Every structure is written in structure tokens, then in C-alpha cells.
Amino acid sequence: MHFINRLKRYLLVSVLCVTTVFSMPVQAKTKSKSNAQKAAEQAAAAALQAEVDARYNKEIDSNSWENWPTGPQVYAESAIVMEASTGTILYAKGIDEQHYPASITKIMTVLLALENCQMDEEVTFSHNAVYSIDYGSSSIARDEGEVLTVEECLYAIMLESANECANAIAEHISGSTEEFANLMNQRAAELGCTNTHFANPSGLPNEEHYTSAHDMALITSEATKHEEFRKISGTSRYVLRATNKKSDELLMNNHHYMISGYKTSKYLDPTVFAGKTGYTTAALNTLVTCATRNGMDLVVVTMKSQGTAEKGVPIYPDTQNLLNYATENFQKVNIAENETNFTIGQNQMFDAGTSIFGNSAPMIQMDTEGYAILPVTASLSDATPSLTFNDNSDGTDSDIIATLSYSYAGQTVGSTNLYMAGTTDTQFPFSNTENASDAADGSASQNHISTARTASGMRVIKINLRVIAWAGGTLAALIIVILLGHKIMKNYSIRFDFITKWRKRADRNSFSSKNRRRYKSRKRWKSNFFKKFK
């Protein structure tokens, strides 16, 4: 019995030893694999953080502009702040670099719909519009043959980023998404986009579908000119009615956190009136935001931002920082009210001298809706003016005769138009105010044509157009009279001997009857007297 117990112990120890021997390599292998995974994950995280840091520390182009306010660092690889009404660029970071736009593409799709459709037009969803989109991509689950209005499609595009609705709008306008992409590229070129090529109306991944922050700002600025775009894009939620294919209503929420708080209210901003979100794994986060601050319509575009575990970070903090930067450092200046280099009025712009018909309003007027965007530390007199005359040689009928543009720190900051007033005016002076002060003193009479220098050194010609017009009209009338007289003398013979005959007749008629009888009697006496001597 004792032997049996010893044998059991030996067998148990043997089994344990064998198990230990065979189990040791497996545990070592598992431990080694776990360490490799951790190392790989750590390396990937480090590489990702390096990319994020590189984007954050990337040079801000606008910070190198002389006398320009220093802008904040942002996590986006490309970012821009543009004032929509003037096109002034307030902040620039890699703004002309090409990136995948993702769903902010749909701003161009909506713009073309606003330009080419009525809001109540009916759009029928084709098989291609519904089923050509990527599985799992943004949609509102429309069916083939379903009918929505253009307006309803635009709400779905801007709020829920519905890809099938973007396709349906494209087919409604151009017949196919391919033809619509051609229209998108044509319109982009017209707006001045130089780094854009669209391949579809939704922004789904395509190597031939790209744009830049600058180009997206141009497209968005054009879209903000439409009140429908502002209304639709600024709506936080919209209820889509039941349709011919859906019996239930659909509540749609805006995905832009600064407009709608359905996911988080942390970033809500009452100054934001429009915007669009975008994301794909290739594009990362893209965001367009439009806000009104200090009378300025600001367009902020950020592209290729890496998201974090915290909702909305750093995409929305970047946009907040950029909006605050623009608000604190820039002002909107009315050109007509603040112009000091050139003015329109008596004895100033296009000086016409003293009118024989009395004083009157200028013949040329400055558009009172022209603005410039300047740093708060600058005034309009610090900007450099440039006058460009309008070329109507192509037959364009326009009252605009010239455009007065301004640049500051090498950047175009605004412009205004000069146009014919359409009234019988006496004077429209166009001269430097330094010379205008001399005229105000009345120290010298005005020349019909004289020259002056502006503050920028440009020579400006002052022309008395009324005097020139009067002289030209008189000369033209004199030439016509001479030509008419020459033609008459060439075709008709004029005799002047009737004047002599008339004078002789007048002399005879001047004798009285008594004198005439005396004259005749004397003549007869002389005749008879000489007859006696013959």
C-alpha cells in the first residue's frame, strides 16, 4: 500500500513537471506578443502625436505680413479667415494647399441648386442616386422613386449631410452626377478657385476630388449672398414631411455644434449663422463656419484636423479661437465716409471749376456700400489706394466707370465703385486733398486741365469737363457751318451785281419831282444851246 502511494506521488510530480515544461514556451510567446502589440501601439500613438504637433506648429503665413495682427496656432493643417463681403483674408495657414474636403463639398452643391432651381421644384430619386453611395455613409434613407422638393433636399444636405439627396439634386440639375461635377468645376473656376477639382456632389472619397481652404472660403462667401443658404444652413432642426414613399415624418438635426446643441451645447454661438461639417478617414475633420462679428461676415475654414476622444476637440476650439482673433483685431470701415486720399465734392475730385449754371452735385459718385477691412490699429488713410477704370469695350452696359481698391500690408482689404450719378452736374473733382486745400483758400484760379500728385506718388489729372465739353460742342458746330457753307457755294452760283443796280436805282429815287423836272429842263437847254452853234 505504501508502495502504491509513493507511485501515485511520483506520477503526479511527473505530470506536473511535464505540464510545466510544455507550458513555459507558450507563456513566453504570449508575453512576447503582448509586448510587441504594446510597442506597436505606442509607436503609432507617438507617430500620430508627432503629426498633430507638426500641424499645430506649422508656420502661419499671415503672421509674416508686415503690421498684421499675430494669429493663433491651430491644430488644423490648413485654415483661413475671410471677410465675405470684401474677400479680405484675415488669417492664412496653408490656405492654398490641396486637401480632401469630405462633406463641406456640399456647399458647392447647394450653391448650384440655389442658382439653378426654384425651391418648390420636385426632385425624384433615381436608382443611382439612392444606391451609388457608400454603405454606412451619411443619408436619410430615401427610396428609389421618392419625391422631395428642392428645398427639402437642401435641408437634408446641409443638416444631415445626406449623400443620396446630393446625388438627386445633381441629377435634377445636370442629368447625371458626372455632368454635375463638370458644372461644379466650371463654377469654381468662375469664382477664382485655383486648387479645386470636384468629382462628385457629396465629397465621398476620390483621389480626383480635392480643394483648398482658400477656395472653400471663396465658394462659401458666394453662397452667403443667398438668403436661402443662410436660412437653411443656420437651422438647428427641421421636420421632413411624410412623402409618397415614407408615411412618417423625419426629424433632422444640424451636425454643426456651434449651430445645434442636440449632441452638445458646449460650443453654441449665436453669432454663427451658417456652416457645414465633414469627415472621412482620408480627409480627417473639415469644418466651415460663418459668423457675423463687428459688422463683418466672417468665413472660417479648417481642413485636416485630427479629432480626439473629447467630442468636438480640437475642431471647434480652433474655430472659436479664429473667430475671436478676427473680432478683437479687425474693423470694417466704410470707404465713402472715411476716404481721405480721394474725395468727391466741390473743388476736389475731377475739379470742373466754376459753373456758369451755378453749383450742383458731382457727376461722379462713390458707392456708399463699399468697405475695407483693416486692423483696429490702422485707418483708411494708412491703406494704399489704386484706381482701375472700367473697360466697357465688350459692350457691357454699366454705370460703373472705375473701381477704387485698397491694399494694406500687401493684401487687398476692400474696394468701392465710382459711377455716373445720372444727373446734370457741374463738378466732380478728383484730386489729392493736399492740393484741394489750396483751392479752398481761393489763392489761384483753376486751370481747365492741371495735374496733382496723390499721397502714393501717383499723378492725377484734374479736368474741367464742362468747359471742355462746351468748347468741343462749339468747335463741332463751327465745323458743321463751314462745311455746309462750302457745300452751298459749290452747288449754287451767287451774283453780287444786283447790289450795284440797287444803289443806282436808289440814287434816282432820291430825286424829288421838282428836282427831276429842273434836271430835265437844264438838260434840254444845254442841248438846244449847242445846236445853235452847229
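Here are a few questions and answers about this predicted model.

The model is predicted, with local features needing pLDDT of at least 70 and side-chain atom pairs counting only at pLDDT 80 or more, while totals for chains, interfaces and linings use all residues. Residues are numbered from 1 along each chain as its sequence is written, and side-chain values use heavy atoms, leaving out hydrogens and water.

User: Is Ala-102 buried or exposed?
Analyst: Happy to help! Buried means under 20% relative accessible area, exposed over 50%, and partly exposed in between, with a 1.4 Å probe and protein chains only. Ala-102 has 2% relative accessibility, so Ala-102 counts as buried.

User: And which class does Ala-409 fall into, going by its relative accessible area?
Analyst: Ala-409 is not a glycine, yet its phi is positive, about 55°. Most residues other than glycine have a negative phi. With a relative accessible area of 29%, Ala-409 is partly exposed.

User: Which residues is Ser-405 in contact with, leaving aside its neighbours within four places in sequence?
Analyst: Good one to check in the viewer. Contact means heavy atoms within 4.5 Å. Ser-405 has 22% relative accessibility and therefore counts as partly exposed. Its contacts, with those neighbours left aside, are Thr-384, Pro-385, Ser-386, Gly-414 and Ser-415.

User: Which two residues does a cis peptide bond join?
Analyst: Most peptide bonds are trans. Here is one with omega of about 0°, a cis bond. The residues it joins are Val-313 and Pro-314.
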